[in-house]
Amino acid sequence: MAKMSREDILQEIINAIYDCQPELEGTEIDENTNINTELGIDSMGMIMIICRLEGNFDIQVPQNEWDDLSTLGDVINAFESRMD
């Protein structure tokens, strides 16, 4: 996959959140948004989102790192650091 801008990655993540959690559609989300406390996404929802993003980006984020993904910025960093 070609190198994407940070903003493009953020938009992909937001789209994945809306796809997996349609009730959040229209919620304002940015890099500082806390996935669990602000969006109310539980661990199962997070698994769905990460798996979708791994498929979209064709990148694997090791499962032992998932607990460290608190904000959307953390998720961006996890995928951006693995892009060529």
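Let me start in a loop. D58 sits in the loop between α2 and α3. This is a predicted model, so keep that in mind throughout. At 70% relative accessibility, D58 counts as exposed, because the cut-off for exposed is over 50%. Now look at the backbone there. D58 has a positive phi of about 55°, and it is not a glycine. For context, most residues other than glycine have a negative phi. Where does D58 lie relative to F79? The two are 21 residues apart in sequence, and their C-alpha atoms are 9.8 Å apart in space.

On to the helices. Take α1 and α2 as a pair. Helix α1 covers residues 6–20, and helix α2 covers residues 43–57. They pack at an angle of about 130°, with axes 9 Å apart. That makes α1 oblique to α2. The crossing of α1 past α2 is right-handed.

Who makes the contact? On α1, the residues are I9, E12, I13, A16, I17, D19 and C20. On α2, they are M48, I49, R52, L53, N56 and F57. Sort those by class, and you get nine nonpolar, one polar and three charged.

Look at the numbering on the α1 side, with I9, I13, A16 and C20 among the contact residues. Here is the general point behind that kind of pattern. An α-helix has 3.6 residues a turn, so residues three or four places apart point the same way.

A quick check on helix geometry. What span should α1 have? With 15 residues at 1.5 Å a residue, α1 should span 21 Å. The end C-alpha atoms of α1 are 21 Å apart, which agrees. Now α2. It also has 15 residues, and the expected span is 21 Å. The end C-alpha atoms of α2 are 21 Å apart, so that agrees too.

Next, α1 with α3. Helix α3 is residues 72–80. The axes of α1 and α3 come within 10 Å and cross at roughly 115°. This crossing is right-handed. From α1, the contact uses R6, I9, L10, I13, I14 and I17. From α3, it uses L72, G73, V75, I76, N77 and E80. By class, that contact has eight nonpolar, two polar and two charged residues.

Put the two contacts side by side. I9, I13 and I17 of α1 are in the contact with α2. I9, I13 and I17 are also in the contact with α3.

Now burial, helix by helix. In α1, the buried residues are I9, L10, I13, I14, A16, I17, Y18 and C20. What covers them includes α2 and α3. In α2, the buried residues are G45, M46, I49, I50, L53, E54 and F57. Note E54 on that list, a charged residue. The cover over the buried residues of α2 includes α1 and α3. In α3, L72, G73, V75, I76, A78 and F79 are buried. The buried residues of α3 pack against α1 and α2.

Back to loops, this time the one between α1 and α2. Two residues there deserve a look. Start with T33, which is in that loop. Is T33 buried or exposed? T33 is buried, with a relative accessible area of 5%, because buried means under 20%. Leaving out residues up to four places away in sequence, T33 touches E28, E38, L39, S70, T71 and L72. The C-alpha atoms of T33 and D74 are separated by 9.9 Å, with those positions 41 residues apart along the chain counted as their spacing.

The second is I35, in the loop between α1 and α2. I35 counts as buried at 5% relative accessibility. Which residues does I35 touch, not counting residues up to four places away in sequence? They are G40, I41, M46, L69, S70, T71, L72 and V75. I35 and I17 are 18 residues apart along the chain, and their C-alpha atoms are separated by 9.6 Å.

Last stop, the segment after α3. S81 lies there. At 57% relative accessibility, S81 counts as exposed. S81 and V61 are 20 residues apart in sequence and 10.0 Å apart in space, C-alpha to C-alpha.

Definitions and conventions
Residues are numbered from 1 along each chain as its sequence is written. This is a predicted model: local features need pLDDT of at least 70, side-chain atom pairs count only at pLDDT 80 or more; totals for chains, interfaces and linings use all residues. Side-chain values use heavy atoms; hydrogens and water are left out. Axes are lines fitted to C-alpha atoms, for helices over the stretch in contact, and angles run from 0 to 180 degrees between N-to-C directions. Helices (H or I, at least four residues) and strands (E, at least two) are DSSP runs, numbered from the N terminus. Angles under 35 degrees count as roughly parallel, over 145 as roughly antiparallel, 65 to 115 as roughly perpendicular and the rest as oblique. A crossing is left-handed if the near helix is turned anticlockwise from the far one by less than a right angle, and right-handed if clockwise. Contact means heavy atoms within 4.5 Å. The expected span of a helix is 1.5 Å times one less than its number of residues. Buried means under 20% relative accessible area, exposed over 50%, partly exposed in between (1.4 Å probe, protein chains only).
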